[in-house]
Amino acid sequence: MGEGWGWGRRGEPDWPPRATCPAREPKTVLARPCAAAATALLTGSDPASSASACRSALLSVRYGRLPPRVFSAAEPETMAKPAQGAKYRGSIRDFPDFNPSQDAETLYNAMKGFGSDKEAILELITSRSNRQRQEICQNYKSLYGKDLIADLKYELTGKFERLIVGLMRPPAYADAKEIKDAISGIGTDEKCLIEILASRTNEQIHQLVAAYKDAYERDLEADITGDTSGHFRKMLVVLLQGTREEDDVVSEDLVQQDVQDLYEAGELKWGTDEAQFIYILGNRSKQHLRLVFDEYLKTTGKPIEASIRGELSGDFEKLMLAVVKCIRSTAEYFAERLFKAMKGLGTRDNTLIRIMVSRSELDMLDIREIFRTKYEKSLYSMIKNDTSGEYKKTLLKLCGGDDDAAGQFFPEAAQVAYQMWELSAVARVELKGTVRPAGDFNPDADAKALRKAMKGLGTDEDTIIDIIAHRSNAQRQQIRQTFKSHFGRDLMADLKSELSGDLARLILGLMMPPAHYDAKQLKKAMEGAGTDEKALIEILATRTNAEIQAINKAYKEDYHKSLEDALSSDTSGHFKRILISLATGNREEGGEDRERAREDAQEIADTTSGDKSSLETRFMMILCTRSYPHLRRVFQEFIKMTNYDVEHTIKKEMSGDVRDVFVAIVQSVKNKPLFFADKLYKSMKGAGTDEKTLTRIMVSRSEIDLLNIRREFIEKYDKSLHQAIEGDTSGHFLKALLAICGGED
């Protein structure tokens with residue numbers, strides 16, 4: 001994909017490995033990853049022979065997230081023509097049979113007389129490349145003795161005027177204008193400075209500095225240093241030099257040294273050595289830093305972003321996080337910026353305009369792919385729903401197409417997903433809970449402390465939370481037994497009597513053995529009028545065979561009825577059949593079988609044969625029975641056959657509870673911690689809180705993968721789970737949830 005997904009490497013003829021810098025004297029040199037591995041990924045052949053040469057590529061993958069461009073180190077992003085063999089990734093191209101004089105006349109006529117023909121203006125300007133627009137400007141002045149940009153400013157107004165005028169400026173001058181506006185007047189638009197300086201290439205930075213000097217007869221560095229301060233200013237100055245290394249060769253020794261230096265500058269130091277972060281993140285090459293980030297995760301157990309959030313603050317922290325995101329994937333950084341510009345109430349139009357203008361001839365297609373894959377909606381549809389009038393029409397022209405429309409563009413985004421599955425399968429992520437066995441555990445002392453907390457008038461909720469939230473489930477069972485032995489009382493009954501509301505549900509949930517807790521949640525989902533299908537799906541679609549079998553046993557023991565019978569009497573149709581299939585706990589547990597995976601993919605890819613019932617049955621037979629590793633391979637083969645992600649097809653072809661349960665299975669196979677992070681976010685967003693879902697996930701995942709869920713949460717939503725809980729709950733319920741959460745990211 002574009003510069004690095006292995007679908008035709010960018011600039012391959014120009015890729016001889018460069019000589020290693022003698023000053024570094026690396027023990028091992030990693031050149032660019034070989035094309036053989038990329039070919040192996042697409043052909044289904046064994047890429048093992050390429051693994052060593054592609055170590056840098058595979059290290060760059062982060063589980064469950066769109067990987068950075070692991071197949072190229074440099075990301076040429078100027079408006080210059082792509083290198084030979086490269087694939088153009090902009091949405092705006094040169095207009096064929098271009099006639100600048102004729103275009104100048106068309107624009108003149110569109111603005112002549114009373115009013116202006118805005119439709120004609122936007123149609124013409126959005127169908128010409130920036131280079132062609134500059135020729136139109138020159139011809140306009142030659143023909144009419146007038147400045148085209150000045151005329152456009154006079155005729156147009158508001159956001160539409162800002163957008164059209166932005167398109168008419170050369171890219172470097174457009175950036176210069178944005179920065180001038182950001183530092184002019186009262187206050188500074190730090191977000192604009194961060195976005196531009198963190199994302200531009202060396203060449204673009206040099207052009208920006210020259211354009212600023214030419215347009216305003218001022219020194220850009222002097223203006224920025226006069227308007228900013230501290231470490232934020234220092235990093236901006238470093239980026240303004242445009243001297244980031246661009247080596248194609250990476251030294252493993254230097255990677256390890258930088259990892260150690262960053263670790264010692266932050267995590268191991270009282271205070272933070274910001275200079276080390278500035279030097280390394282501001283100067284090393286993208287390829288080098290991608291390896292540093294992955295080695296940092298392996299060495300410290302946390303992503304570099306977590307360390308930055310923990311060690312830095314304010315605008316400096318935001319700038320460094322933006323640099324890291326752009327190192328990983330510039331297109332993903334801009335997809336995220338666009339999404340945030342339009343989500344929620346109101347639209348950040350300046351951000352939206354700046355990105356749509358600046359990326360329209362660079363990587364808009366890559367941004368669209370990632371946007372569609374990451375946010376499950378097209379950039380086109382979000383712009384369409386969030387803007388209006390000629391402003392909307394112009395933005396949609398710059399977008400270049402709707403990835404939700406059949407056959408429009410999403411097939412290429414599916415290739416991104418294919419690479420994601422193939423490469424993420426290489427990564428092995430250790431799942432970690434946030435609640436661990438307490439050291440120096442003393443069940444006798446805990447039982448006595450809990451009894452004291454509930455004895456007499458009032459209840460000491462703080463003590464109850466402190467003990468129960470900081471003991472493993474196995475330890476809690478020992479406390480229950482000891483409590484009964486000492487006091488002849490049922491701890492669960494006492495807690496139920498003393499606590500109430502959300503806190504009671506949370507604490508009692510923590511006290512139950514996991515299988516019995518899940519069994520109870522399933523029973524509650526089927527009790528009374530109506531059924532909580534979301535709870536049934538969440539539990540049955542995500543539990544392992546061993547967990548499902550334990551739930552069956554617990555359900556029978558606690559309610560004297562089989563789980564299968566309960567599901568049969570409370571659900572119906574294909575949804576019932578799917579749930580019963582999941583509830584058997586008979587999913588295969590082996591690895592992948594490539595030939596069988598191709599057959600399975602073909603089975604579910606044929607959406608035209610048979611009726612809807614037949615299609616749902618075929619999906620059920622595969623999604624409910626195959627192992628997770630095998631299903632990942634099925635999803636890959638499905639993409640190769642159809643050019644669509646399987647989740648996209650499910651949403652298109654199915655509806656209701658059947659669609660929801662299949663989507664849950666697919667998302668769980670792709671990235672289970674991210675699935676739960678999404679559920680937690682939705683339980684707390686908007687008006688009101690879904691306390692039941694929040695409690696159920698926090699309890700059930702606390703000793704399995706809640707730490708991984710936390711990382712996915714902050715990665716996707718740009719705020720920590722701790723912050724979300726803090727802003728959405730209160731009192732002792734809040735305190736207990738934060739104790740289980742286990743920390744602020």
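**Exercise 1. Take stock of the whole chain.**
State how many helices and strands the protein chain has, then describe its burial, contacts and surface.

*Solution.*
Step 1. The secondary structure of this predicted model comes to 42 helices and two strands.
Step 2. Turn to burial. Of the 745 residues in the protein chain, 54% are buried.
Step 3. Look at contacts with a separation of 6 or more. Residues 24 or more positions apart account for 74% of them.
Step 4. Add the surface. The protein chain has an accessible surface of about 31,100 Å². Carbon and sulfur atoms hold 48% of that area.

**Exercise 2. Work out how α24 and α26 pack.**
Find the angle and distance between the axes of α24 and α26, then name the arrangement.

*Solution.*
Step 1. Two packed helices are described by the angle between their axes and by the distance between those axes.
Step 2. Locate the pair. Helix α24 covers residues 443–454, and helix α26 covers residues 473–487.
Step 3. Read the geometry. The angle is about 70°, and the axes lie 8 Å apart.
Step 4. Classify it. Angles of 65 to 115 degrees count as roughly perpendicular, so α24 and α26 are roughly perpendicular to each other.
Step 5. Give the hand. The crossing of α24 and α26 is right-handed.
Step 6. List the contact residues. Helix α24 supplies Pro443, Asp444, Asp446, Ala447, Lys448, Leu450, Arg451 and Met454. Helix α26 supplies Gln478, Ile479, Thr482, Phe483, His486 and Phe487.
Step 7. Sort them by class. The contact of α24 with α26 has seven nonpolar, three polar and four charged residues.

**Exercise 3. Do the same for α29 and α30.**
Describe how the axes of α29 and α30 cross, and which residues make the contact.

*Solution.*
Step 1. Helix α29 spans residues 514–526, and helix α30 spans residues 533–540. Their axes come within 8 Å and cross at roughly 155°.
Step 2. Angles over 145 degrees count as roughly antiparallel, so α29 is roughly antiparallel to α30.
Step 3. The crossing of α29 and α30 is left-handed.
Step 4. From α29 come Asp518, Gln521, Leu522, Ala525 and Met526. From α30 come Ala535, Leu536, Ile539 and Leu540.
Step 5. By class, this contact of α29 with α30 has seven nonpolar residues, one polar and one charged.

**Exercise 4. Decide how enclosed α14 is.**
Which residues of α14 are buried, and which helices do they pack against?

*Solution.*
Step 1. Name the buried residues of α14: Glu274, Phe277, Ile278, Ile280, Leu281, Gly282 and Asn283.
Step 2. Set them against the helix. Seven of the ten residues of α14 (residues 274–283) are buried, so α14 is largely enclosed by the rest of the structure.
Step 3. Find the neighbours. The buried residues of α14 pack against α12 (230–240), α13 (252–265), α15 (286–300), α16 (304–311) and α17 (314–328).

**Exercise 5. Examine two backbone exceptions.**
Where are Glu217 and His560 found, and are they buried or exposed?

*Solution.*
Step 1. Recall the background. Most residues other than glycine have a negative phi.
Step 2. Take Glu217. Its phi is positive, about 50°, although it is not a glycine. Glu217 is found in the loop between α10 (202–216) and α11 (220–227). With 70% relative accessibility, Glu217 counts as exposed.
Step 3. Take His560. Its phi is positive, about 55°, and it is not a glycine. His560 is found in the loop between α31 (545–559) and α32 (563–570). With 68% relative accessibility, His560 counts as exposed.

Conventions. Residues numbered from 1 in each chain as written. Predicted model: local features only at pLDDT ≥ 70, side-chain atom pairs only at ≥ 80, totals over all residues. Heavy atoms only, no water. Axes fitted to C-alpha atoms, helices over the stretch in contact; angles between N-to-C directions. Helix = DSSP H or I, 4+ residues; strand = E, 2+ residues; numbered from the N terminus. Parallel < 35°, antiparallel > 145°, perpendicular 65-115°, else oblique. Left-handed = near helix turned anticlockwise from the far one by under 90°. Contact = heavy atoms within 4.5 Å. Nonpolar A, V, L, I, M, F, W, Y, C, P; charged D, E, K, R; others polar. Buried < 20%, exposed > 50% of the residue type's maximum accessible area, 1.4 Å probe, protein only. Areas by Shrake-Rupley, 256 points an atom, 1.4 Å probe, with all protein chains shown as cover.
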